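Please look over the chain shown here, with attention to how its helices, strands and loops meet one another. The report that follows takes up a few residues and contacts in turn.

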Amino acid sequence: MTEHDTELQLIADHTQNWVERMIMKYNICPFARREVERRSIRYAVIDESKMHNVLEALIKECQHLDENPEIETTLFIVPRGFEGFYPYLDLVDIANDLLIEQDYEGVYQLASFHPDYCFDGEPMDDPANYTNRSPYPTLHIIREVSMELALANYNDPESIPERNIAFAQKKGSDFFAKVLAGCMGKTSH
């Protein structure tokens, strides 16, 4: 394994740690545990930094999901080129448009995560932002059919965001910053 391959694997490992130690452990997504336990989450690190190359890789990942139904979902990790939150939001908008253009509307949807995620109209230091903060800029490619099924079998899915916000407010930003740093093998002061 080359040093570059090792770096890409470390990025995937950090993201998997985040899913297991934050998203699943604190039930941010009540559907994550099942997929973690089934090992049906794909961690795809995209070694591109230019918008068009990332978008091309996104469509290839959708095709990969088409061909591999045993993979429930992909965390499409883009560690370079979209470190800034606003360029990342541009990527999310264009990626959503591309899914429609490529006839993936109704097949896949995207959820977005970023190290500097900030909900519209909220201050950057609001603890609720941590429900969408990840180690690296990440697009979560979700199978819509699976999401519809999961939501249909979950009592009161509309309460999930409110529950997460209340939990985040209770725990505070420092708590989440430490958890996130720990996922990446760092200690937070």
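## Y117 and the loop between β3 and β4

Y117 is buried, with a relative accessible area of 12%, and Y117 is found in the loop between β3 and β4. The structure is a predicted model, and the statements about Y117 and about every other residue below should be read as describing that model. When residues up to four places away in sequence are not counted, Y117 touches F85, S112, N129, N132 and R133.

As for a position farther off, Y117 and L65 are 52 residues apart in sequence, and their C-alpha atoms are 26 Å apart in space.

## H140 in strand β4

H140 is found in strand β4, and H140 is buried, with a relative accessible area of 18%. Its contacts, again not counting residues up to four places away in sequence, are with T73, T74, L75, Q109, L110, A111 and F113.

H140 and M24 are 116 residues apart in sequence, while the distance between them in space, C-alpha to C-alpha, is 15 Å.

## Aromatic pairs

How many aromatic pairs does the model hold? The count comes to 12 aromatic pairs. In one of them, the rings of W18 and F113 have their centres 5.2 Å apart and their planes at 70 degrees, and since planes over 60 degrees apart count as edge-to-face, the pair of W18 and F113 is edge-to-face. This pair links distant parts of the chain, with W18 in helix α1 and F113 in strand β3 (residues 108-113), 95 residues apart. Both W18 and F113 are buried.

The rings of Y130 and F176 have their centres 5.8 Å apart, and their planes stand at 15 degrees, so this pair is stacked. Here too distant parts of the chain are linked, for Y130 is in the loop between β3 and β4 (138-143), whereas F176 is in helix α7, 46 residues apart. Y130 is buried, and F176 is buried as well. Y130 and F176 also belong to one aromatic cluster, which is formed by Y26, Y130, F167, F175 and F176.

## How α1 meets α7

Two packed helices are described by the angle between their axes and the distance between the axes. For helix α1 (residues 3-24) and helix α7 (residues 173-183), the axes come within 8 Å and cross at roughly 140 degrees. The helices α1 and α7 are therefore oblique to each other, and their crossing is right-handed. On the side of α1 the contact is made by H14, N17, W18, R21 and M22, and on the side of α7 by F176, V179, L180, G182 and C183. Sorted by character, the residues of this contact divide into 6 nonpolar, 3 polar and 1 charged.

## The buried residues of α7

Which residues of α7 are buried? In α7, the buried residues are S173, F176, V179, L180, A181 and C183. These buried residues of α7 pack against α1 and against α6 (159-171).

S173, which has its place in helix α7, is buried with a relative accessible area of 18%. Leaving aside neighbours within four places in sequence, S173 is in contact with D125, D126, P127 and Y130. The residue Y130 thus appears again, since it is also the partner of F176 in the stacked pair described above. Just after α7, G185 takes a positive phi of about 75 degrees.

## Positive phi in residues other than glycine

Two loop positions deserve a note on their backbone angles. N27, a residue other than glycine, has a positive phi near 55 degrees. N27 is found in the loop between α1 and α2 (32-38), and N27 is partly exposed, with a relative accessible area of 33%.

D103 has a positive phi of about 65 degrees although D103 is not a glycine. The residue lies in the loop between α4 (85-101) and β3. Is D103 buried or exposed? D103 is exposed, with a relative accessible area of 65%.

Note on methods. Residues are numbered from 1 along each chain as its sequence is written. This is a predicted model: local features need pLDDT of at least 70, side-chain atom pairs count only at pLDDT 80 or more; totals for chains, interfaces and linings use all residues. Side-chain values use heavy atoms; hydrogens and water are left out. Axes are lines fitted to C-alpha atoms, for helices over the stretch in contact, and angles run from 0 to 180 degrees between N-to-C directions. Helices (H or I, at least four residues) and strands (E, at least two) are DSSP runs, numbered from the N terminus. Angles under 35 degrees count as roughly parallel, over 145 as roughly antiparallel, 65 to 115 as roughly perpendicular and the rest as oblique. A crossing is left-handed if the near helix is turned anticlockwise from the far one by less than a right angle, and right-handed if clockwise. Contact means heavy atoms within 4.5 Å. Ala, Val, Leu, Ile, Met, Phe, Trp, Tyr, Cys and Pro count as nonpolar, Asp, Glu, Lys and Arg as charged, and the others, Gly among them, as polar. Rings of Phe, Tyr and Trp (its six-membered ring) pair if their centres lie within 6.5 Å; planes under 30 degrees apart count as stacked, over 60 as edge-to-face and the rest as tilted. Buried means under 20% relative accessible area, exposed over 50%, partly exposed in between (1.4 Å probe, protein chains only).
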